[in-house]
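Okay, thanks everyone for squeezing me in. Let me put the thing up on the screen and we'll walk through it together.

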Amino acid sequence: MNIIFVKWGTKYSSDDVNFLYYSIVNSVGLCYPLNQKFFCYTDDPSGLNKDIQAIDILKEPPLRGIWNKLRMFEKDFLLTGKTIYMDLDVYVRIKFNPKELWDSVVDWDNLTMVDSWFKKDFIPVTRKHHLDVTVNSSLLAWDADNPKIHNIWKHFNSTKRDYFLRKYIGIDRYIIHEGFKINTFPRELIQSWYNDKNGKAPIVTFEEVDYASSSVKSWIESDKLALQRIYV
């Protein structure tokens, strides 16, 4: 199993990568063998934990920001087999065994994305002209050996690449509006901190939220303390 992060530019630091790495490692404790391999696709590997293998961001074709995530689907990208990607503003609760998620709900024949269920009502009214979609790529699962996944990059890196970059605000809209088949994670397993504060999901995403804000950081610390009281 591969677990990979992407860090480009200065919005996030190696400390953010390491925090997510530790949250995953510590979530399973000593009861689960850590046979995952951790990677970070980055333009600056300095400060990364020694157990996270850095993969240099390729300069050709030049991509900015979130578009670098799409490169992971290339056939010749340095990964094989089952792969999980997490944004750096994702939080994994302690004592959660990620293997339970991947083994039970992921269909490795297709790309799996996060279900942004809360957009289903207002997109047709307010965001239709934005080509907005009801999924997001803050967490992804795919088989790196699957030719259908390779086609997502191959289609993008064609004569229409510049057109796609102008047309779509990020890879979520590109993937959906270019007709690639995807699955979504069950809602009870991944919650949005902003839109779905049920307090129960093992993985929390912070899309459309300032992850560095004091309210988010204080929530994470409070959540850790609450879970420690439950499990310790």
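I'll talk about a small group of strands, then the cores, then one strand in the middle of things.

Keep in mind that this is a predicted model. So, first up, there's an open sheet of three strands, ordered S5-S10-S9, and the pairing is mixed. S5, residues 90-92, and S9, residues 190-192, are the edge strands; each has a single partner, so one side of each has no neighbour in the sheet. On average, neighbouring strands here are turned by 25° against each other, ignoring direction. If you look at S9 and S10, where S10 is residues 203-205, they run parallel and share three bridges. In that pair, Ile 190 sits opposite Ile 203.

Now the cores. The largest nonpolar core has 34 residues, and Phe 5, Ile 24, Phe 38, Met 86 and Phe 206 have the most contacts inside it. Quite a list of elements supplies at least two residues each, including S1, S2, S4, S5, S10 and helix H7. The top contributor is H1, which gives five residues. Apart from that core there's another one, with 32 residues, and Met 113, Tyr 168, Ile 171 and Ile 182 are among them.

Last stop, strand S6, residues 111-115. Four of its five residues are buried, so S6 is largely enclosed by the rest of the structure. Which strands does S6 pair with? One is S8, residues 182-184, in the parallel sense over three bridges, and another is S7, antiparallel, also over three bridges. Thr 112 shows up in both pairings: it stands opposite Asn 183 in S8 and opposite Ala 141 in S7.

How values were computed. Residues numbered from 1 in each chain as written. Predicted model: local features only at pLDDT ≥ 70, side-chain atom pairs only at ≥ 80, totals over all residues. Heavy atoms only, no water. Pairing = 2+ DSSP bridges. Axes fitted to C-alpha atoms, helices over the stretch in contact; angles between N-to-C directions. Core = buried A, V, L, I, M, F, W, Y, C linked by side-chain atoms within 4.5 Å. Buried < 20%, exposed > 50% of the residue type's maximum accessible area, 1.4 Å probe, protein only.
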